[in-house]
Amino acid sequence: MNDPDVIVVGAGLAGLVATHELSKAGKRVLVLDQENRNNLGGQAWWSLAGLFFVDSPEQRRAGIRDSFDLALADWLGSARFDRDEDHWPRKWAESYVRFAATEKRGYLRDLGLRVLPMPGWAERGDGKAGGHGNSVPRFHMTWGVGPELVRVFQEPVERAEQHGLVEFAFRHRVDELIIESDAVAGVRGSVLESCDDLDRGVASSRTEVDDFELRASAVIVTSGGIGHNFDAIRRNWPVDRLGEPPEHMIAGVPAYVDGRMLDASEQVGASLINRDRMWHYPEGIHNWDPVWPNHAIRIIAGPSSIWLDANGNRLEAPNYPGFDALGSLTRVLSTGHDYSWFILNQSIISREFALSGSEQNPDVAEKNVSEFVRSRLSRQATGPVEAFKQNGVDFVISDNVEDLIEKMNSISRGPLLDTGQVGEAIRQRDRDVNHKYGKDLQLMAIRNARSYRPERTRIAKPHEILDADHGPLIAVRLNVCTRKTLGGLETNLDSQVLRPDGSPFPGLYAAGEVAGFGGGGVHGYNALEGTFVGGCIFSGLAAGRALSRTLPESPSRVPAAA
Ligand SMILES: Cc1cc2nc3c(=O)[nH]c(=O)nc-3n(C[C@H](O)[C@H](O)[C@H](O)COP(=O)(O)OP(=O)(O)OC[C@H]3O[C@@H](n4cnc5c(N)ncnc54)[C@H](O)[C@@H]3O)c2cc1C
């Protein structure tokens with residue numbers, strides 16, 4: 001394309017949303033990506049596409065009373081904004097919660113996206129009414145998960161491509177922003193050797209075969225975060241809040257999530273803030289069938305598994321599975337070890353283990369209703385969970401607790417667990433099951449969770465973990481799974497990148513994870529989940545709409561059909 005109005009750097013979800021909005025307005029967009037076309041949609045394709053909606057019809061039908069005020073209170077209690085540079089993140093938070101309570105669901109429905117009827121309850125919180133966490137279930141999983149979320153934007157963008165309004169240049173890696181008269185005028189970079197046949201997510205060659213220089217009226221950076229760049233994660237790790245960075249980490253995102261454009265933008269004078277805020281999970285397992293290097297899968301567990309630290313001590317309230325990702329991560333790392341353990345049994349795994357990743361949920365990905373219902377009600381775990389149980393290096397299985405602990409010790413990366421101590425912790429917990437009103441806080445939390453009707457089928461009825469009828473016993477070694485970057489390029493509500501003095505950087509916009517999902521850190525210190533793909537949509541829309549408004553009219557161009 002000779003004279004694009006806008007260059008978009010990154011064909012992930014945020015890039016597709018911005019491109020869609022621009023092409024609807026008749027703007028000419030050149031989209032550059034360092035990967036091949038098979039990777040269109042970026043990380044979002046791999047996601048569950050869980051969406052944070054507020055006061056949705058799905059919530060109301062499930063008996064949940066949600067509101068903008070409650071959601072904003074939850075957001076602010078989680079974000080705990082406390083810095084001068086939180087000015088724009090705070091504004092983004094308010095606008096984003098309003099979007100989630102108003103336009104978001106309708107906008108996606110108009111594009112053809114549907115969600116499951118039962119909102120899930122992610123990040124149940126840190127146990128304080130005013131603290132971190134969702135007071136009510138708000139995680140709306142897309143029917144068709146990540147591939148469907150990508151499809152609803154990819155299809156109109158590809159139609160615009162056919163009309164000549166959009167052009168893609170794959171294997172084009174941007175290394176530098178061109179500055180002229182104090183404004184961004186384009187990009188420079190390297191053409192990487194072609195790899196058309198490489199499957200989605202597989203790490204690609206970085207061999208350069210050419211270079212390029214391209215110009216446009218504006219550049220939107222939508223290049224994602226730093227989740228696969230362990231050096232950058234360690235460099236920016238908030239030791240004061242989370243403790244020492246883990247020695248052993250596994251990657252919850254593909255290799256292209258490398259943070260390169262953050263440095264390139266900062267080098268020309270863009271404001272990069274909150275780089276020490278990040279969102280990783282303590283419940284990562286090594287993928288036995290990896291796609292990208294060090295491929296981690298996160299277990300999204302219901303509340304019943306017993307969670308032990310590396311020394312064999314049970315995590316205290318409220319560090320139960322699915323409650324407080326960073327709180328539990330901090331507690332796990334406080335032992336000086338970078339792993340922990342779940343102990344559970346067959347009844348719990350079959351009801352409560354879900355794996356994050358579209359490829360790990362083929363029934364929802366393929367929109368197969370009968371398989372979805374069958375797999376969720378079966379005594380067997382889902383196929384992918386069973387496959388991990390059989391093949392995963394982090395899983396051990398046994399009929400008796402002594403043998404289970406021996407097997408756990410055989411895969412330990414630290415202290416050997418004491419059979420008597422761990423066995424007693426499980427027996428103590430089991431004794432409390434037999435009273436409706438016991439003193440074990442985790443059991444109380446399970447009963448509370450089961451009082452939300454849709455969760456009844458997803459949470460095992462409280463029972464003795466050592467009861468052979470619910471066996472075999474299962475232990476899982478949990479590792480730190482890297483994922484999201486909460487800080488990033490500081491932007492105003494039009495997704496325009498700012499300079500450190502607060503003035504807009506002419507010609508430069510950013511959206512999605514590279515912008516901390518808006519403002520340079522809309523989540524503050526903590527996320528409520530389902531807010532990341534939504535953040536890409538909201539900030540991508542803001543960039544696309546702002547540029548559609550401000551770029552000069554091009555009367556000869558026909559807007560692409562939506
Ligand atoms: C397994 C998994 C499950 C998830 N589940 C959820 C969920 O349920 N709900 C939720 O809200 N979020 C979820 N997320 C997070 C969410 O998917 C991501 O945060 C989001 O998709 C990021 O989108 P993005 O467009 O900002 O960046 P990306 O998807 O990372 O796309 C960036 C693109 O930019 C390209 N790029 C990078 N640098 C350059 C360069 N220098 N030159 C050219 N191109 C470049 C990359 O190749 C890539 O294609 C999940 C993520 C994963 C991996």
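**Notes on the predicted fold**

1. Starting with the inventory: the chain holds 18 helices and 21 strands. Keep in mind while reading that this is a predicted model.

2. On overall dimensions, the radius of gyration is 23 Å, and a compact globule of 562 residues would come out near 24 Å, so the two agree. If you want a box for it, the C-alpha atoms fill roughly 75 × 50 × 45 Å along the principal axes.

3. How much of the chain is buried? Of the 562 residues, 55% count as buried. As for how the chain contacts itself, take the pairs in contact that sit at least 6 apart in sequence: 77% of those contacts join residues at least 24 apart.

4. The domain assignment splits things in two. Domain 1 is written in two pieces, 6-224 + 486-550, while domain 2 covers 280-481. Measuring tape aside, the computed separation of the two centres, over C-alpha atoms, is 31 Å.

5. Now for where the domains meet. On the domain 1 side 27 residues make contact, and on the domain 2 side 23 do. Which element of domain 1 gives the most to that side? Helix α6, residues 145-162, does, with three residues. By residue class, the domain 1 side that touches domain 2 divides into 14 nonpolar, 10 polar and three charged residues.

6. The six-stranded sheet is worth tracing by eye. This sheet is open, its pairing is mixed, and the strands come in the order β5-β2-β1-β9-β21-β20. At the edges you'll find β5 (166-170) and β20 (496-498), each paired on one side only. From one strand to the next, the twist averages 30°.

7. Let's zoom in on β1, residues 6-9. This strand runs parallel to β2 (residues 29-33), and four bridges join the pair. With β9 (residues 218-221), β1 also pairs in the parallel sense, again over four bridges. That fits the strand order above, where β1 sits between β2 and β9.

8. Some residue-level partners, if you'd like to check the register of β1. Ile 7 stands opposite Leu 30 in β2. Val 9 has Leu 32 as its bridge partner in β2, and in β9 the bridge partner of Val 9 is Val 221.

9. Are the side chains of β1 buried or exposed on its two faces? Both faces are covered: Val 6 and Val 8 are buried on one side, and Ile 7 and Val 9 are buried on the other. So the Val 9 that bridges to Leu 32 is also one of the buried residues, as the neighbour count of 20 or more C-beta atoms within 10 Å defines them.

10. There's also an open sheet of three strands, ordered β6-β7-β8, and here the pairing is antiparallel. The edge strands are β6 (172-180) and β8 (208-215), each of which pairs on one side only. In this sheet the twist averages 20° between one strand and the next.

11. Within that sheet, how many bridges link β7 and β8? Seven bridges link them, with β7 (residues 183-192) running antiparallel to β8. For a specific pair to look up, Ser 190 has Asp 211 in β8 as its bridge partner.

Conventions
Residues are numbered from 1 along each chain as its sequence is written. This is a predicted model: local features need pLDDT of at least 70, side-chain atom pairs count only at pLDDT 80 or more; totals for chains, interfaces and linings use all residues. The radius of gyration is taken over C-alpha atoms; the globule rule is 2.2 Å times the number of residues to the power 0.38. A residue is buried if 20 or more other C-beta atoms lie within 10 Å of its own, exposed if 12 or fewer, and partly exposed in between; C-beta atoms are placed from the backbone. Two residues are in contact if their C-beta atoms, placed from the backbone, lie within 7 Å. Domain bounds come from an automatic or database domain assignment. Ala, Val, Leu, Ile, Met, Phe, Trp, Tyr, Cys and Pro count as nonpolar, Asp, Glu, Lys and Arg as charged, and the others, Gly among them, as polar. Two strands pair if DSSP finds at least two bridges between them. Axes are lines fitted to C-alpha atoms, for helices over the stretch in contact, and angles run from 0 to 180 degrees between N-to-C directions.
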